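Grab a pencil and open the viewer. Below are a few short exercises on rings, charges and confidence, each with a worked solution.

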Amino acid sequence: MIEQNDWLATAPAMAREELSRVLNAQERAEFAYHWGFFARLAQLPPKGEWRIWLILAGRGFGKTRAGSEWVRSIAEGNSQARIALVSSSLAEARSVMVEGESGIIACCPPERRPVFEPSLRRLRFPNGAQAQLFSAAEPELLRGPQHTHACRAEFCGPGCTLSALGLTSVQEVSQIDFDANRVSFGDLSYDLYIDGKLRFLSGPQTGLTFGIVSADPQGLILDRALSEGTQLGTRAELLEGCDHTLATCAGRFSNAANFRGEPFLPGNDLLSRYGKPTE
């Protein structure tokens with residue numbers, strides 16, 4: 001685990017002075033958990049579409065850390081994620097994968113650490129994602145629970161095939177709450193815009209794009225601070241969001257054929273893989 005106070009010592013020498021200068025205290029604390037900066041290339045997930053990631057390496061490579069960070073990235077990116085953690089025994093799964101020095105809990109920032117529920121053999125993340133512990137000695141226990149993780153296609157981008165045109169609208173700000181970093185746009189179904197994008201078309205932040213991280217009955221909560229100069233009537237372009245689950249892809253967008261999440265990647269079913277039987 002990288003302690004928050006040690007982040008500068010672990011940074012490459014050429015980057016230390018610049019990072020210390022440009023990051024505030026909150027950003028320095030978060031930086032300690034920015035795995036992509038510290039990891040070796042071999043510890044990062046392969047690019048492209050894949051079903052099995054095998055790390056064939058000896059002691060000291062960082063296999064546990066690599067796996068823990070991958071699980072964390074899946075859980076933090078998809079509140080509906082249901083992840084299976086399989087080890088040779090439940091005791092090993094807990095002591096190494098969950099509570100170990102390079103385990104999942106240690107890899108997560110304090111405010112986003114999951115709660116471990118030993119009696120349920122479950123890790124529960126603050127956003128609702130879950131990871132269940134299993135022993136390889138009891139493989140039949142894996143037959144019942146459903147496991148998934150996020151679709152890898154960019155919403156309305158390559159692989160997704162949906163057009164953003166019908167999911168985008170231009171609205172005027174009707175209410176602003178600077179303390180909550182929230183903007184309102186009148187009569188909208190705000191839940192549809194969670195994980196979506198907002199781009200201001202007027203005002204002091206014209207042209208800037210914000211992520212929509214949450215919504216409540218009063219409006220949309222953005223991922224970056226609003227300028228104090230933002231006024232009522234400011235125009236913004238809103239793109240609906242997607243939680244990257246199969247249920248949403250199929251039910252809301254009728255686009256399940258292009259879902260890019262395990263185990264529903266196109267071509268994974270036997271019929272499409274081997275074709276029709278010959279007469």
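Rings of Phe, Tyr and Trp (its six-membered ring) pair if their centres lie within 6.5 Å; planes under 30 degrees apart count as stacked, over 60 as edge-to-face and the rest as tilted. Keep in mind that you're looking at a predicted model.

**Exercise 1.** How many aromatic pairs does the structure hold? Start by classifying the one formed by Phe155 and Phe253.

*Solution.*
- Step 1: The structure has two aromatic pairs.
- Step 2: For Phe155 and Phe253, the centre-to-centre distance is 5.3 Å and the angle between the planes is 50°, and the pair is tilted.
- Step 3: Now find them in the chain. Phe155 is in the loop between β4 (130–135) and β5 (168–172), while Phe253 is in the loop between α8 (246–251) and α9 (270–274), so this pair ties together parts 98 residues apart in sequence.
- Step 4: Check the surroundings: both Phe155 and Phe253 are buried.

**Exercise 2.** What kind of pair do the rings of Phe200 and Phe210 make?

*Solution.*
- Step 1: The ring centres of Phe200 and Phe210 are 5.4 Å apart, and their planes meet at 85°.
- Step 2: An angle over 60 degrees counts as edge-to-face, so Phe200 and Phe210 form an edge-to-face pair.
- Step 3: Phe200 belongs to strand β8 (residues 197–200) and Phe210 to strand β9 (residues 209–216); the two are ten residues apart.
- Step 4: Phe200 and Phe210 are both buried.

**Exercise 3.** Which ring does the charged end of Arg224 sit over? Do the same for Arg40.

*Solution.*
- Step 1: Arg224 has its charged end over the ring of Phe210, 4.6 Å from the ring's centre. You've met Phe210 already, as the partner of Phe200.
- Step 2: Arg40 puts its charged end over the ring of Phe61, 4.8 Å from the centre.

**Exercise 4.** Zoom out and describe the whole protein.

*Solution.*
- Step 1: Count the elements: there are nine helices and eleven strands.
- Step 2: Look at burial: 36% of the 279 residues count as buried.
- Step 3: Turn to the surface: about 16300 Å² is exposed, with carbon and sulfur atoms supplying 53% of it.

**Exercise 5.** What is the average pLDDT of the protein, and where does the pLDDT fall below 50?

*Solution.*
- Step 1: The average is 80, and 80% of the residues score at least 70.
- Step 2: Residues 1–8 are below 50; this stretch has 23 contacts in the model beyond near neighbours in sequence.
- Step 3: Residues 263–279 are also below 50, with 19 such contacts.

Terms used:
Residues numbered from 1 in each chain as written. Predicted model: local features only at pLDDT ≥ 70, side-chain atom pairs only at ≥ 80, totals over all residues. Heavy atoms only, no water. Helix = DSSP H or I, 4+ residues; strand = E, 2+ residues; numbered from the N terminus. Buried < 20%, exposed > 50% of the residue type's maximum accessible area, 1.4 Å probe, protein only. Lys NZ or Arg CZ within 6 Å of the ring centre and 35° of its normal. Areas by Shrake-Rupley, 256 points an atom, 1.4 Å probe, with all protein chains shown as cover. pLDDT = per-residue confidence, 0-100. Contact = heavy atoms within 4.5 Å.
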